[in-house]
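The following paragraphs explain how a protein chain is put together, moving from the whole to its parts. Please keep the sequence and the model in view while reading.

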Amino acid sequence: MKLYGLSLNGVSQMSLLRTTWLVESLFGNQCRFMTSSKRVQDRSKTKRVHDLEIVTEKWKIAFKALLLMEVLKQEPEMVIPVRSLQQYRRQINLPKPHKVSDFIRKSPKLFELYKDRKGVLWCGMTKSGEDLVEEEERLIKEHEDKAAEHVTRLLMMSIDKCLALDKISHFRRDFGLPVDFRTNWVHKYPQNFKLVKNGEGAQFLELVDWNPAWAITELEKKVMGITELNDHTPGMLSLPFPLKFPPEYKKVYRYGGKIAHFQKRSYLSPYADARGLEAGSHEFDKRAIAVMHELLSFTIEKRLVTTDHLTHFRREFVMPQKLMRLLLKHFGIFYVSERGKRFSVFLTEAYEGTEFKEKGPLVLWKEKVQSFTGYRGKRKNFECFDDGKSDMDEEEDEDNGSVRRNSESESSCLELEEEEYGSDLEEGLVADDAENEMEIEEVCNAYKEDI
């Protein structure tokens with residue numbers, strides 16, 4: 001049967017198209033289906049930023065080395081039995097049968113291994129490693145005043161002008177805070193904040209004095225050239241956010257009108273009182289974007305490595321329950337990387353390719369540590385005497401603190417072959433191993449295929 005030259009099947013298709021158009025006209029993007037995937041890496045390939053994935057991959061090994069350096073710094077002589085490092089396997093993502101001693105040997109410029117008279121294997125830092133520790137302490141001390149300003153501005157953005165100390169400590173490395181942040185550092189700036197306890201004994205950092213000169217967002221400083229206004233009162237802002245879309249994303253031209261409308265929409269300053277905003281409204285969401293932009297601007301690398309901790313600040317900063325949804329939706333402002341067991345969120349404007357634009361002293365220090373690590377080194381196949389013991393036997397001995405293999409043959413067996421970052425990263429980005437599994441349930445059904 002034909003109807004106006006169309007088959008019944010054609011009529012059905014036309015009806016479906018009309019229905020879809022009508023629903024989208026009435027409800028806009030609310031009707032769009034989200035992906036059923038539970039992982040961010042299953043999003044559209046056009047929304048990936050390969051350069052920022054490389055940045056995340058590159059720093060994974062540096063993070064492990066920095067963690068080991070911090071562990072050693074806590075020891076009286078900066079040495080520790082290798083068997084005592086077993087408890088840090090989860091933090092450095094080193095599952096068995098991989099050996100802690102092998103991981104240490106991959107950074108011979110930072111760490112060294114030796115045995116005592118009882119045959120117990122110990123780990124310590126080389127002279128270069130000790131010099132780096134001293135340099136970091138000096139840089140962090142020089143950065144203390146700026147870090148205090150950023151922590152104070154966090155308190156100024158919070159709705160109660162008070163934040164739990166445990167929550168702030170999650171971002172200690174990102175803000176360049178010292179190791180003794182919780183015990184000593186918090187008492188150094190009584191003019192800015194003070195330590196208080198609630199009825200249950202939990203510690204909080206409370207704002208002491210509101211500083212109008214610090215109630216100016218980093219975006220205002222950059223766009224309008226404002227540095228300090230002692231009588232500044234935060235209110236509505238209409239400044240556009242810098243946008244930088246993924247190179248492969250071509251739909252930006254199709255949605256240019258919506259993007260322009262979003263950029264022109266006014267929003268409340270992160271430092272203004274947000275109690276009156278209605279959750280889910282456009283104003284509510286755009287202010288949350290402004291809060292995230294400001295928070296990322298405080299970090300030394302304009303990125304946060306553990307975005308799951310951001311959800312702990314939803315009430316204090318008046319942000320939406322589905323914060324990850326917001327970050328993923330506005331991928332021209334933020335980029336979420338899934339490399340490793342924790343998400344990383346970047347401020348896209350701060351990076352040019354794989355390079356961070358404004359490198360401060362602490363970032364340059366981290367790059368120096370990175371250059372000293374044996375990133376993904378491979379063993380050469382040397383013949384060596386191993387007492388007929390397998391790697392698994394040695395691992396068991398290492399767990400018991402009694403490695404009995406000859407130390408000279410250890411060093412000859414474990415020479416590393418340095419490789420260029422590029423090829424390793426390409427290989428690592430393709431791999432889909434357990435390390436890439438996500439741990440944040442909010443991401444489930446959170447990514448839209450279209451803006």
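What percentage of the residues of the protein chain count as buried? In this predicted model, the figure is 48% of the 451 residues. The secondary structure of the chain comprises 14 helices and 17 strands. Among contacts between residues at least 6 apart in sequence, 69% join residues at least 24 apart.

The interior is a suitable place to begin. In soluble globular proteins, nonpolar side chains tend to be buried together. Here the largest nonpolar core has 53 residues, of which W185, F317 and F334 touch the most other members. Two or more residues of this core are given by each of α4 (127-157), α5 (165-169), β8 (203-207), α9, α10 (323-329), β12 (334-337) and β13 (344-347). The largest share, eight residues, comes from α9. Another core, of 28 residues, lies apart from this one and includes M69, V82, V133 and L139.

F317 illustrates the contacts made within this region. Leaving aside residues up to four places away in sequence, F317 touches L154, M157, S158, L163, R287, V291 and L295.

Helix α9 itself deserves closer attention. The helix spans residues 282-298, a total of 17 residues, and reaches 25 Å from its first C-alpha to its last, close to the 24 Å expected at 1.5 Å a residue. Is α9 largely enclosed or not, and why? Of its 17 residues, 14 are buried, so the helix is largely enclosed by the rest of the structure.

One residue of α9 is H293. Its relative accessibility is 3%, so H293 counts as buried, the cut-off being under 20%. Setting aside residues up to four places away in sequence, H293 touches L219, F241, P242, I333, F334, L347 and E349. H293 and F346 are 53 residues apart along the chain, yet their C-alpha atoms are separated by 9.7 Å.

The strands can now be considered. Strands of a sheet pair through backbone hydrogen bonds, either parallel or antiparallel. One open sheet consists of three strands in the order β3-β5-β4, with antiparallel pairing. Its edge strands are β3 (79-81) and β4 (111-115), each of which pairs on one side only. On average, neighbouring strands of this sheet are turned by 25° against each other, direction ignored. Helix α2 (residues 50-73) packs on the sheet and touches β3, β4 and β5, and its direction makes about 100° with that of β5.

Within this sheet, β5 (residues 121-125) is joined to β3 by three bridges, and I80 has C123 as its bridge partner in β5. On the other pairing, five bridges join β4 to β5, with F111 opposite M125. β4 and β5 form a hairpin with five residues between the strands, and G119 takes a positive phi near 85° there. β5 is mostly covered, as four of its five residues are buried. Its residue C123 has 0% relative accessibility and therefore counts as buried.

A further set of pairings centres on β8. Strand β6 (residues 162-164) pairs with β8 in the antiparallel sense over three bridges, and C162 stands opposite E206 in β8. Strand β7 (residues 193-197) also pairs with β8 in the antiparallel sense, over five bridges. In this second pairing, Q203 of β8 is the bridge partner of K197. β7 and β8 form a hairpin with five residues between them, and G201 in the turn has a positive phi of about 90°. β8 is also among the elements that give two or more residues to the largest nonpolar core.

The cysteines lead to a last question. How many disulfides does the structure hold? A disulfide is a covalent bond between the sulfur atoms of two cysteines. The structure holds zero disulfides. C162, in the strand pairing with β8, has a relative accessibility of 17% and so counts as buried.

Taken together, the description returns to α9. This helix gives the largest share of the largest nonpolar core, and 14 of its 17 residues are buried.

Notes. Residues are numbered from 1 along each chain as its sequence is written. This is a predicted model: local features need pLDDT of at least 70, side-chain atom pairs count only at pLDDT 80 or more; totals for chains, interfaces and linings use all residues. Side-chain values use heavy atoms; hydrogens and water are left out. The expected span of a helix is 1.5 Å times one less than its number of residues. Buried means under 20% relative accessible area, exposed over 50%, partly exposed in between (1.4 Å probe, protein chains only). A disulfide is a pair of cysteine sulfur atoms within 2.5 Å. A nonpolar core is a set of buried Ala, Val, Leu, Ile, Met, Phe, Trp, Tyr and Cys residues joined through side-chain atoms within 4.5 Å. Contact means heavy atoms within 4.5 Å. Two strands pair if DSSP finds at least two bridges between them. Axes are lines fitted to C-alpha atoms, for helices over the stretch in contact, and angles run from 0 to 180 degrees between N-to-C directions.
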